[in-house]
Amino acid sequence: MASSLPAPPAPPPASWRSLLPRRPPARRAPLAPRAARSCRYRFRTDDDGVVDVTVTGKEGDGGGYAVAVEVPTRGREGGLVLRAAGSAGEVVPLAPAAGGALAARLSYNGARTPFHVSFLLADAAGAEIRTHRGTSFRVPVGVGRGRPAPLGLSLSVDGAANFALYSKGAKGVVLCLYDGGYGGWDEPALEIELDPYVHRTGDVWHASLESVQGYVSYGFRCGLFGIDRPLLDPYAKVIGDFIPGNSVYDEGVTVPSMRCLASLAKAPTYNWGRDKHPCLPLEKLVVYRANVALFTKDKSSGLPDNVAGTFSGLAAKVEHFRRLGVNAVLLEPVFPFLQEKGPYFPYHFFSPMNLYSSECCSVSAIKSMKDVVKTMHRNGIEVLLEVVFTHTAEGGAGCQMISIRGIDSSSYYLADGVVGCKASVLNCNHPVTQKLILDSLRHWVLDFHVDGFCFINAPFLVRGPGGEGLSRPPLLEAIAFDPVLSQTKIIADPWSPLDISNVQFPFPHWKRWAEMNTRFSIDVRKFLKGEALISDLATRLCGSGDIFSSRGPAFSFNYVSRNSGLTLVDLVSFSSDELASEFSWNCGEEGPSENHAVLQTRQRQIRNFLFVLFVSLGIPVLNMGDECGHSAAGSTSYKDKGSLNWKALKTTFVKEVTGFISFLTALRSRLGDIFQRREFLNLENIHWYGSDLSEPQWEDPTSNFLCMHINAELDENVPDSVRVDLYICFNANEEPVSATLPALAEGSMWLRLVDTSLAFPGFFSSESIPNAHQVSGLSSHQVKAHSCVLFESKRVLS
């Protein structure tokens, strides 16, 4: 199965040269073994005998190895000779030794490992003696049995390396080492065939090498699916480039092949200094979802070409997050992915995308990403990662054979797949796949200091191997109670990039799992469009108790737009029949408009969306570009999302929007006892009204007006002068509505903080502004069409 191995740089005595392969030696300095060590191998022969071979490392400056061959003499009184496999050159007789055996000793002075000694035996009549499998006796030198754990590559400080790979289906595994020189990428510089009787424990194949000096990368060849080329180690921490390969024929389908090798280099050391996780309480988060490349790729970012669109570019814009009041950045998947399909189709789980670094290599990407995390933490911002563990970019027509698909498809993937994505769906609750996912997540927390994860396509994580729903999915429960992962933010996102679905579903949570709240987005859109029951809006404002009653509002991650579907600007600009499922409204004219009335309504609706997002209980999630009017021209396709235009930040409209977001994040922080809660508001502290303090018309589908009065909760530790009441009006009607404000205690006034119908900059104000609008109790306020108003009670000094 494996080809011959290169000879060590320092040749053995002349009489034994014929026992070594004739391939030209690699040009490297010899490396002596670190200390004397012994490995013993026993071969069964094709004539039912045995051959014992002992490999011993020599001590001393010259180093080298001794290979002792010993054969019991029973039935072999005529003597034996050794001959190099595949050669008719010199033969060496075996001499009588103690214990009634025939023996020979091979000496390799100053030889560099690993290499193989491959030979045949012949009796006095010239008949060849081979192993019981009919092969030559092939003895690895400098190759040990290795350990089955941990999986992947483990490098010791003294240069030794241990390789471990899980493959239940492979009949044999070959470890291929590359030097980047002789033979290039097409031919390994060294191949080591792992003996299933020596290098296999259970379903894990493993081997140790005393040194990998001079080699730069490696892969495993398992022979499955007719793939006779190395595959990427699923546990590799440093990987190479994506290289096109030959197509393979898999179950009647021609599959285009890609290859990527793992690096033998250690991940670069990194000085974290005094970095530590911000450990923000869940309820205090304000999240910004971003794509690493698209965030700064546009020339308007003002960054150098080698920085734009990279992790370094993200770090360079940290002040943008600070100005918005964001304290958590949710990054779209940063795992290596197939560029043709996008970041939601990964092919590896232990390294960041090479293209997200200035040097477009794995080592640079690792350092750059750690720089981002360190920069964000220094500014009090947490880093959350979207992760995809339900499918990969491998398998099926149009996909690739890169790693686990060719290593052990039957264990890692669902046998029958699912409709439309045949072999790419991972069997997440299989013990082996579960271990891969848990090891990956811990790696990102411990090595990259990541603060949490958002699991895309979460409904698939609940499925068993037959596609059935599991009440207690092992993977999700393991994550919830893992000593490392349970200390991070763990969020389930129902959006599926496989079938572009986005439906809320009952999710097992153990009071640890939060969720992206799809119902929030739908109900808020429908209300502002004038098509929802006001009871649906009330439910979302109060933290979506219909979904999170057993957890609390802090587990609801609310959003009005996301990276799939319409952007915030497009939500108020496009509403064709094809966009019916988006519940959008074009405000009177489809697409771009110069109509002043249409533009005013659109601006008002954008303020309304942001306002409802931030005054609702739960975690507000901003989508990249919504703060600066980013548009995809009405497209809902993820592929049509363009880069952020940083020049837009200088326009009056964007200054208005970003200023409003900053105000709302500050308001949430100041009124944290109301908006940043682990528990739901007490029923006695919430009162709902119609326009004249009457009961809201809950069941009337034509009712589009609602007022919410939040009374300050009594707290002995908080003085009366600090307690506030809030009165919030929501009007989705085409006409203005006159709202009556409740009476306040003597000495208090209503202070209007927000009125989204007003022109910039007057539509929001802080209580520190002396001319802020004040009204007395029992006064009426006209809430304009398609607008929201927020009042806060204020003590008036006598």
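User: How much space lies in the largest cavity?
Analyst: The model is predicted, and local features need pLDDT of at least 70, side-chain atom pairs count only at pLDDT 80 or more, and totals for chains, interfaces and linings use all residues. Residues are numbered from 1 along each chain as its sequence is written, and side-chain values use heavy atoms, without hydrogens or water. A cavity is a set of points on a 1 Å grid over the protein atoms alone where a 1.4 Å probe fits but cannot get out; points are joined across faces, edges and corners, and the volume is the space filled by probe spheres set on them. For the largest cavity this space is about 110 Å³.

User: Which residues lie closest to the centre of the largest cavity?
Analyst: Lining residues have an atom within 4 Å of a grid point. The lining of the largest cavity has three nonpolar, six polar and four charged residues, where Ala, Val, Leu, Ile, Met, Phe, Trp, Tyr, Cys and Pro count as nonpolar, Asp, Glu, Lys and Arg as charged, and the others, Gly among them, as polar. Of the 13 lining residues, the closest to the centre are N563, N623, M624, H630 and K641.

User: What is the volume of the second largest pocket?
Analyst: A pocket is an open set of grid points with protein on both sides within 12 Å along at least five of seven lines. The second largest one is lined by 24 residues, with A293, L294, K297, F337 and Y356 nearest its centre. By class, the lining has ten nonpolar, eight polar and six charged residues. The volume of this pocket is about 540 Å³.

User: In what order do the eight strands of the barrel close?
Analyst: Strands are DSSP runs of E with at least two residues, numbered from the N terminus, and two of them pair if DSSP finds at least two bridges between them. In this barrel the pairing is parallel, and the order is β24-β25-β26-β27-β28-β29-β30-β31.

User: By what angle are neighbouring strands of this sheet turned against each other on average?
Analyst: Axes are lines fitted to C-alpha atoms, and angles between N-to-C directions run from 0 to 180 degrees. With direction ignored, the average turn between neighbours in the sheet is 30°.

User: Which residue of β26 is the bridge partner of L331?
Analyst: On one side of β25 (residues 328-331) A328 and L330 are buried, and on the other V329 and L331 are buried, so both faces are covered; buried means under 20% relative accessible area, exposed over 50%, and partly exposed in between, with a 1.4 Å probe and protein chains only. β24 (residues 287-290) joins β25 in the parallel sense over four bridges, with V287 opposite A328. β25 is also joined by four bridges to β26, again running parallel. In β26, the partner of L331 is L385.

User: Which residue in β27 stands opposite V387?
Analyst: β26 (residues 382-387) and β27 (residues 452-455) pair in the parallel sense over four bridges. Opposite V387 in β27 stands F455.

User: How far apart are the end C-alpha atoms of helix α6?
Analyst: Helices are DSSP runs of H or I with at least four residues, and the expected span is 1.5 Å times one less than the number of residues. In α6 (residues 431-448), 13 of the 18 residues are buried, so the helix is largely enclosed by the rest of the structure. Its 18 residues should span 26 Å, which agrees with the separation of its end C-alpha atoms, 25 Å.

User: Is C587 buried or exposed?
Analyst: C587 lies in the loop between α11 (568-571) and α12 (596-615). Its phi is positive, about 65°, although it is not a glycine. Most residues other than glycine have a negative phi. With 7% relative accessibility, C587 counts as buried.

User: What is the relative accessibility of W510?
Analyst: W510 sits in the loop between β28 (489-492) and β29 (514-517). Its phi is positive, near 50°. W510 counts as partly exposed because its relative accessibility is 21%.

User: Which residue of β39 is the bridge partner of V754?
Analyst: Seven of the eight residues of β36 (residues 748-755) are buried, so this strand is largely enclosed by the rest of the structure. β36 pairs with β39 (residues 787-795) in the antiparallel sense over seven bridges. The partner of V754 in β39 is L790.
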